[in-house]
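Open the structure in your viewer and keep the selection tool at hand. We will go from stop to stop, and at each one you will learn what to select and what is there.

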Amino acid sequence: GNSMEGVVIGGNIRCFLKLMGTDYLPKSSEKILLLESLGGNETRIASLLTQLKQSGYLNNINGIILGDFRHMQDNNIKPTVKELVLEITKDISVPIIKTDDIGHRSEAKAIVIGEHRKFV
């Protein structure tokens with residue numbers, strides 16, 4: 001897609017998935033899911049992404065923002081997180097944005113969770 005609009009939810013993928021199966025997991029319908037990670041190799045991140053998909057959580061989102069996946073990027077791990085997400089979501093029509101501006105780096109910028117945003 002060329003744009004996405006909705007309320008931003010998510011954060012660190014490992015921490016976010018700890019909410020799965022609880023009353024604290026935000027509804028995904030019409031939301032933009034932000035995901036980032038400090039640690040994890042391609043196998044770990046692929047497993048977490050697959051859990052999100054198999055749970056049905058990605059079926060109604062308006063988009064995905066991929067922040068910094070620090071360990072993978074710092075170690076030039078292949079496939080990249082972008083490639084993993086594209087493969088895992090290949091049968092779901094969802095726009096995806098990749099940015100290194102959100103994550104665990106000291107120069108990272110903030111994004112407000114719970115804020116309605118439009119990305120074009």
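**Stop 1: the middle of the sheet**

Select leucine 33 and look across to β3, where its bridge partner is isoleucine 64. Keep in mind as you explore that this is a predicted model. Now look for isoleucine 9, which stands opposite leucine 33 in β2. Then move along to leucine 35, which has leucine 66 of β3 opposite.

Next, colour the strands that these residues belong to. β1 and β2 run parallel and are joined by 6 bridges. β2 and β3 also pair in the parallel sense, over 5 bridges. If you wonder what holds such neighbours together, strands of a sheet pair through backbone hydrogen bonds, either parallel or antiparallel.

Stay with β2 and turn on its side chains. Is β2 enclosed or open? 7 of its 7 residues are buried, so β2 is largely enclosed by the rest of the structure. On one side you will find Lys31, Leu33, Leu35 and Ser37, and on the other Ile32, Leu34 and Glu36; all are buried, so both faces of β2 are covered. In a regular strand the side chains alternate between the two faces of the sheet.

**Stop 2: the whole sheet**

Zoom out and select the strands together. In which order do the 5 strands lie? They form an open sheet in the order β4-β3-β2-β1-β5, with mixed pairing. β4 and β5 stand at the edges with a single partner strand each, so one side of each has no neighbour in the sheet. Ignoring direction, neighbouring strands of this sheet are turned by 35° against each other on average.

Now add α4 to your selection. This helix packs on the sheet and touches β3 and β4, and its direction makes about 150° with that of β3.

**Stop 3: helix α2**

Select residues 42-54, which make up helix α2. At 1.5 Å a residue, its 13 residues should span 18 Å, and the end C-alpha atoms are indeed 18 Å apart.

Which residues of α2 are buried? They are Ile45, Ala46, Leu48, Leu49 and Leu52. These residues cover an arc of only 165° around the axis, which puts them on the same side of α2. Show their surroundings and you will see them pack against α1 (13-17), β2 (31-37), β3 (63-69), α3 (70-74) and α4 (81-88). Turn the helix around: the face away from the buried side carries the exposed residues Thr43 and Gln54.

Visit both ends before moving on. At the start of α2, a side-chain oxygen of asparagine 41 comes to within 3.1 Å of the backbone nitrogen of threonine 43. After the helix comes glycine 56, whose phi is positive, near 85°.

**Stop 4: two single residues**

Select asparagine 12 in strand β1 (residues 4-12). Asparagine 12 is buried, with a relative accessible area of 13%. Leaving aside neighbours within four places in sequence, asparagine 12 is in contact with Glu36, Ser37, Leu38 and His104. Add glycine 67 as well: it is 55 residues from asparagine 12 along the chain, while their C-alpha atoms are separated by 9.1 Å.

Finish with arginine 105, in the loop between β4 (96-98) and β5 (116-119). The side chain of arginine 105 makes a polar contact with the side chain of aspartate 68, at 3.0 Å. With neighbours within four places in sequence left aside, the contacts of arginine 105 are Asp68, Arg70, Gln73 and Asp74.

Terms used
Residues are numbered from 1 along each chain as its sequence is written. This is a predicted model: local features need pLDDT of at least 70, side-chain atom pairs count only at pLDDT 80 or more; totals for chains, interfaces and linings use all residues. Side-chain values use heavy atoms; hydrogens and water are left out. Helices (H or I, at least four residues) and strands (E, at least two) are DSSP runs, numbered from the N terminus. The expected span of a helix is 1.5 Å times one less than its number of residues. Buried means under 20% relative accessible area, exposed over 50%, partly exposed in between (1.4 Å probe, protein chains only). The arc is that of the directions from the helix axis to the C-beta atoms. Contact means heavy atoms within 4.5 Å. A polar contact is a pair of N or O atoms within 3.5 Å; within protein, one must be able to donate a hydrogen and the other to accept it, and residues adjacent in sequence count only if both atoms are side-chain atoms. Two strands pair if DSSP finds at least two bridges between them. Axes are lines fitted to C-alpha atoms, for helices over the stretch in contact, and angles run from 0 to 180 degrees between N-to-C directions.
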